[in-house]
Amino acid sequence: MIHTLLGEEKFQQGMQLYVARHDGSAATCEDFVKAMEDASGVNLEQFRRWYSQSGTPELTISDEYDETRKAYRLHISQMTPATHDQMDKLNLHIPLKVALYGEQDGKRIPLQYELLTVSDVLDVTAEHQTFEFHNVTQRPVPALLCDFSAPVRLDYNYTTEQLLTLLKHAENDFVRWDAAQMLYTNELRENLSRYQQHQPLSFSEGLVNALTFVLDNSASLPELTALTLTLPKETEFAESFKTIDPQGIAVVREFMQHSIAHALQDKLLAVYHQNQCGNIKSWLKILLNEPCVMLA
């Protein structure tokens, strides 16, 4: 997080100062933060709360787009739930790395305020904050928490269309993977409801098209493609329910895995044979290990 807050140049200056001061000694977290602070000139007093305050912070985010002014606002609230050792929590300094993509064309939108380019790292320090961006010519899809810039829980009400846009067009690896996981989770949840009501299961054509796009552009990062194609584990999906249906979860997950393998059989086989890395092939083999797919 400190690297995200300071940037590469100031972080490296901080590392040099830290090593010069503490090489060969038993340094502490405070020593590290102090070196970063002194070298960069950035006040990290509020950031130090990460080392003394327990619990996982939660960010609740909403947005609005003013088409007339070509302005886009992100409204961000932070809170850390009480824990048994600390009932009262203070606001943290949270680096939230963001990007904007056009809802219509998926192209990245520069972050500007008035006519000036602004940082893609938002300093979330108060309980409630609003960040405004100008010269936004179309309604944007926000990519939030790029590079997993902070260990927080994020609450933003993405639509399926927005997630598909991020899966296809986001430049950040974590954002694309996270969009896929949210899409899978939504599909699993909808199919679990159908299963429990004895209705036929289905698989979204939009998601198939997005995964086809991912496979067509997999040459540069095949490892990421393999991870993106991997469904959430049954235990991970079960955590989102108060009452868990183990059999239903197993059935709908197997259905989705089979559906992906069946719909993308030719493309999956092509990627499988193009990549000789055992780790990549092992990930893809999970999907390809279906009755409808023959591995050569």
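This report walks through a few paired strands and salt bridges in the structure above.

The model is predicted, so to speak of local features a pLDDT of at least 70 is needed, side-chain atom pairs count only at pLDDT 80 or more, and totals for chains, interfaces and linings use all residues. Residues are numbered from 1 along each chain as its sequence is written, and side-chain values use heavy atoms, with hydrogens and water left out.

**Strands**

Let's start with the strands. Helices (H or I, at least four residues) and strands (E, at least two) are DSSP runs, numbered from the N terminus. Two strands count as paired if DSSP finds at least two bridges between them. Strand β1 (residues 58-66) pairs with strand β2 (residues 71-79) in the antiparallel sense, over nine bridges. Together β1 and β2 make a hairpin with four residues between them, and K70 in that turn has a positive phi of about 55°. If you want to find the register, look for S62, whose bridge partner in β2 is H75.

β2 also pairs with strand β8 (residues 128-133): six bridges join the two, and they run antiparallel. Here I76 has Q129 in β8 as its bridge partner.

**Salt bridges**

A salt bridge is a side-chain nitrogen of Lys or Arg within 4 Å of a carboxyl oxygen of Asp or Glu. By this rule the count comes to 14 salt bridges. Three of them are listed here.

| Pair | N to O distance |
|---|---|
| D38 and R21 | 2.9 Å |
| E132 and R73 | 2.6 Å |
| K267 and D216 | 2.8 Å |

The D38 and R21 side chains meet in a salt bridge. This pair links distant parts of the chain, with D38 in helix α3 (residues 29-40) and R21 in helix α2 (residues 8-22), 17 residues apart.

How exposed are these residues? Buried means under 20% relative accessible area, exposed over 50%, and partly exposed in between (1.4 Å probe, protein chains only). D38 is partly exposed at 37% relative accessibility, and R21 is partly exposed too, with a relative accessible area of 41%.

The salt bridge of E132 with R73 takes us back to the strands: E132 lies in β8 and R73 in β2, so the pair ties together parts that are 59 residues apart in sequence. R73 is buried, with a relative accessible area of 18%.

The salt bridge between K267 and D216 joins two helices. K267 lies in helix α10 (residues 265-274) and D216 in helix α6 (residues 205-216), so parts 51 residues apart in sequence are tied together. K267 counts as partly exposed, at 32% relative accessibility. Elsewhere, E30, E37, E45 and R48 are joined into one network by salt bridges that share partners.
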